[in-house]
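Welcome! Take a moment to look over the structure below, and then we can walk through it together.

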Amino acid sequence: MLTRALCAWSVGAFAPTPRHRATITIERLSGAPLLFPTDLASFLDLIRQHGDAAYSLMFAYAGSHSLLLALFAGYAAHSGALQLGTLILVCWFGSFAGDAVRFWIGRRFGTRWLGSFPRLERAVQTAARLADRHYVLMILFHRYPHGIRGVAGFAYGISRLPCSTFLALNFAAAGLWSCAVVLAGYAFGQVSEKLMSDTSSGIGLVMLVVFLGLSWMLSRKFEQVVERS
């Protein structure tokens, strides 16, 4: 009886909790832990454990104004996986640096390197046309349309826009974009938390996917409006 009681206690004491079952390892197969989480909560835990790498990744992706990743990062900040203030600053300076580099490339090399990339050339020409007429509004809002945000910096460099004017406007615009997108993801985290409980994490994941999908579609629609203007 005593032996059976000890066995039962040991199984109960070391049995994985529901949270740990999501990140169950494969040590019995290879001796190495599972590198990829199997649900959203585990993925947020992974971000929390590797915050420095997550911020570095966000800096790099903010350079291309990655809308969906910044939205998700805001959602992760609401969950406590990232610090909201630090995340906004990282996205701010990453976005500013990305366009500053593209501006330098456009000013240094002009348009001669675009001949082999017709789609890129079309997008740059669209951005340059808009910049000639409305460069202030263009710099403030070019980060939101899907196809223009990654190439507008080249167009500003090709244009006659003074470097100092571009840098000042670009710095302000990067801050606005970072605050708007990250806080939108953070606000979605607050709303989704009210609409679901811990037992409905699957619904929360579906809501997150739908939110990101709608954001991407809105970005594409914005691009079409800009191209027709």
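Which residue just after H6 takes a positive phi? That residue is Gly-80, with a phi of about 95°. We will come back to helix H6 shortly, after a look at the whole model.

## The overall picture

This is a predicted model. It contains eleven helices and zero strands, so following the sequence from start to end gives the pattern α-α-α-α-α-α-α-α-α-α-α. Of the 229 residues, 36% count as buried. The accessible surface amounts to about 13600 Å², and carbon and sulfur atoms account for 67% of that area.

Contacts across the sequence are worth a look too. Among those between residues at least 6 apart, 79% join residues at least 24 apart. One pair of residues to find on your screen is Phe-141 and Leu-176: they are 35 residues apart in sequence, while their C-alpha atoms are 9.3 Å apart in space. Phe-141 belongs to helix H8, which covers residues 118-141, and is partly exposed, at 44% relative accessible area.

## How confident is the prediction?

The average pLDDT of the protein is 74, and 66% of the residues score at least 70. Among the elements, helix H7 (residues 84-109) has the highest mean, 94, and helix H3 (residues 27-30) has the lowest, 36.

Over residues 1-34, pLDDT stays under 50, and for this stretch the model has 16 contacts beyond four places in sequence. Where pLDDT is low, the predicted coordinates should not be read in detail.

## A closer look at helix H6

Helix H6 spans residues 67-79, which makes 13 residues. From its first C-alpha to its last, H6 reaches 19 Å, close to the expected 18 Å. Many of its side chains can be looked up by burial: among the buried residues of H6 are Leu-67, Ala-70, Leu-71, Gly-74 and Ala-77.

Two aromatic residues of H6 deserve a visit. Phe-72 and Tyr-75 sit three residues apart in this helix, about one turn. Their rings form a stacked pair, with 6.2 Å from centre to centre and 25° between the planes. Phe-72 is buried, because its relative accessible area of 12% falls under the 20% cut-off. Tyr-75, at 7%, counts as buried as well.

## Aromatic rings across the protein

The pair in H6 is part of a wider set: a search of the whole structure finds ten aromatic pairs. A pair of aromatic rings is described by the distance of the centres and the angle of the planes.

Another pair joins Trp-92 and Phe-171, whose ring centres are 5.1 Å apart; their planes stand at 40°, so this pair is tilted. Since Trp-92 lies in helix H7 and Phe-171 in helix H10 (residues 163-195), the pair ties together parts that are 79 residues apart in sequence. Trp-92 is partly exposed at 21% relative accessible area, and Phe-171 is partly exposed at 34%. Together with Phe-93 and Phe-96, Trp-92 and Phe-171 form one aromatic cluster.

## The cysteines

How many disulfides does a search of the whole structure find? The search finds zero. Cys-91 is in no disulfide: the nearest cysteine sulfur belongs to Cys-179 and is 9.8 Å away, whereas a disulfide needs the two sulfur atoms within 2.5 Å.

Cys-91 is buried, with a relative accessible area of 1%. Cys-163, by contrast, counts as partly exposed, at 37% relative accessibility.

Terms used
Residues numbered from 1 in each chain as written. Predicted model: local features only at pLDDT ≥ 70, side-chain atom pairs only at ≥ 80, totals over all residues. Heavy atoms only, no water. Helix = DSSP H or I, 4+ residues; strand = E, 2+ residues; numbered from the N terminus. Expected span 1.5 Å × (residues − 1). Buried < 20%, exposed > 50% of the residue type's maximum accessible area, 1.4 Å probe, protein only. pLDDT = per-residue confidence, 0-100. Contact = heavy atoms within 4.5 Å. Areas by Shrake-Rupley, 256 points an atom, 1.4 Å probe, with all protein chains shown as cover. Phe/Tyr/Trp six-rings, centres within 6.5 Å; stacked < 30°, edge-to-face > 60°.
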